Amino acid sequence: SQPGLLTVQGELERALEIFINSEAKKIGLHLSQKIEITGSGRTDAGVAAADQAASFSWPKIIQFDSYRLVHALNGISIPELTI
């Protein structure tokens, strides 16, 4: 991630926060947890990042459903990244 710049990591963290906060509100919680992704590596400009792996912490109070998560993240608008 790079402060002030649009990055894949930054947008994925933003989308995760939107989804997790939405799920928390459904069960009457207000979370202010900042999501931070840890990537398995990095790529240089112009290099494809296919099959990159990353991890993040999921709040234990919210049931994890990978199917719902993937579909929700795909539905959250992410601005076009210029590489």
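**Exercise 1. The first helix and its partner**

Against which helix do the buried residues of H1 pack? Determine this for the predicted model shown above, and check the length of H1 as well.

*Solution.*
Step 1. Locate helix H1, which covers residues 8–26.
Step 2. List the residues of H1 that are buried: Glu-11, Glu-13, Ala-15, Leu-16, Phe-19, Ile-20, Glu-23 and Ala-24.
Step 3. Consider the geometry of an α-helix: with 3.6 residues a turn, residues three or four places apart point the same way.
Step 4. Identify the partner: the buried residues of H1 pack against helix H2, residues 66–75.
Step 5. Check the length. H1 has 19 residues, and at 1.5 Å a residue they should span 27 Å; the end C-alpha atoms are 27 Å apart, so the two values agree.
Step 6. Look just past the helix, where Gly-28 takes a positive phi of about 80°.

**Exercise 2. The overall plan**

Describe the order of the elements along the chain and the extent of burial in the protein.

*Solution.*
Step 1. Count the elements: there are two helices and two strands.
Step 2. Read them from the N terminus, which gives the order α-β-β-α.
Step 3. Turn to burial: 20% of the 83 residues count as buried.
Step 4. Examine the contacts between residues with a separation of 6 or more: 55% of them join residues 24 or more positions apart.
Step 5. Consider the accessible surface, which comes to about 6400 Å², with 53% belonging to carbon and sulfur atoms.

**Exercise 3. The second largest pocket**

Establish which elements contribute to the lining of the second largest pocket and what kinds of residue form that lining.

*Solution.*
Step 1. Recall the principle of the search: rolling a probe the size of a water molecule over the atoms shows where empty space is left.
Step 2. Note the volume of the second largest pocket, about 210 Å³.
Step 3. Examine the lining of this pocket, which consists of 12 residues; Leu-12, Leu-16, Ile-37, Phe-56 and Leu-73 lie nearest its centre.
Step 4. Assign the lining to elements: H1, strand E2 (54–55) and H2 each give two or more residues.
Step 5. Find the main contributor, H2, which gives the most with four residues.
Step 6. Sort the lining by type: 10 residues are nonpolar, two are polar and none is charged.

**Exercise 4. Three partly exposed residues**

Place Gln-9, Leu-29 and Arg-68 in the structure, and state the surroundings of each.

*Solution.*
Step 1. Gln-9 lies in helix H1. Its relative accessibility is 28%, so Gln-9 counts as partly exposed. Gln-9 stands 29 residues from Thr-38 in sequence, and their C-alpha atoms are 8.9 Å apart in space.
Step 2. Leu-29 belongs to the loop between H1 and strand E1 (38–39). Because its relative accessible area is 31%, Leu-29 is partly exposed. When residues up to four places away in sequence are not counted, Leu-29 touches Ala-24 and Ile-61. The C-alpha atoms of Leu-29 and Ile-62 are separated by 9.7 Å, although these residues are 33 residues apart along the chain.
Step 3. Arg-68 is part of helix H2. A relative accessible area of 36% makes Arg-68 partly exposed. Not counting residues up to four places away in sequence, Arg-68 touches Phe-19, Glu-23 and Lys-26. Between Arg-68 and Phe-19 the C-alpha to C-alpha distance is 9.7 Å, across 49 residues of sequence.
Step 4. Relate this to Exercise 1: among the buried residues of H1 are Phe-19 and Glu-23, and both are touched by Arg-68.

Terms used. Residues numbered from 1 in each chain as written. Predicted model: local features only at pLDDT ≥ 70, side-chain atom pairs only at ≥ 80, totals over all residues. Heavy atoms only, no water. Expected span 1.5 Å × (residues − 1). Buried < 20%, exposed > 50% of the residue type's maximum accessible area, 1.4 Å probe, protein only. Contact = heavy atoms within 4.5 Å. Areas by Shrake-Rupley, 256 points an atom, 1.4 Å probe, with all protein chains shown as cover. 1 Å grid on protein atoms, 1.4 Å probe; cavity = no way out; pocket = protein on both sides within 12 Å on 5 of 7 lines; lining within 4 Å. Points joined across faces, edges and corners; volume = space filled by probe spheres on them. Nonpolar A, V, L, I, M, F, W, Y, C, P; charged D, E, K, R; others polar.
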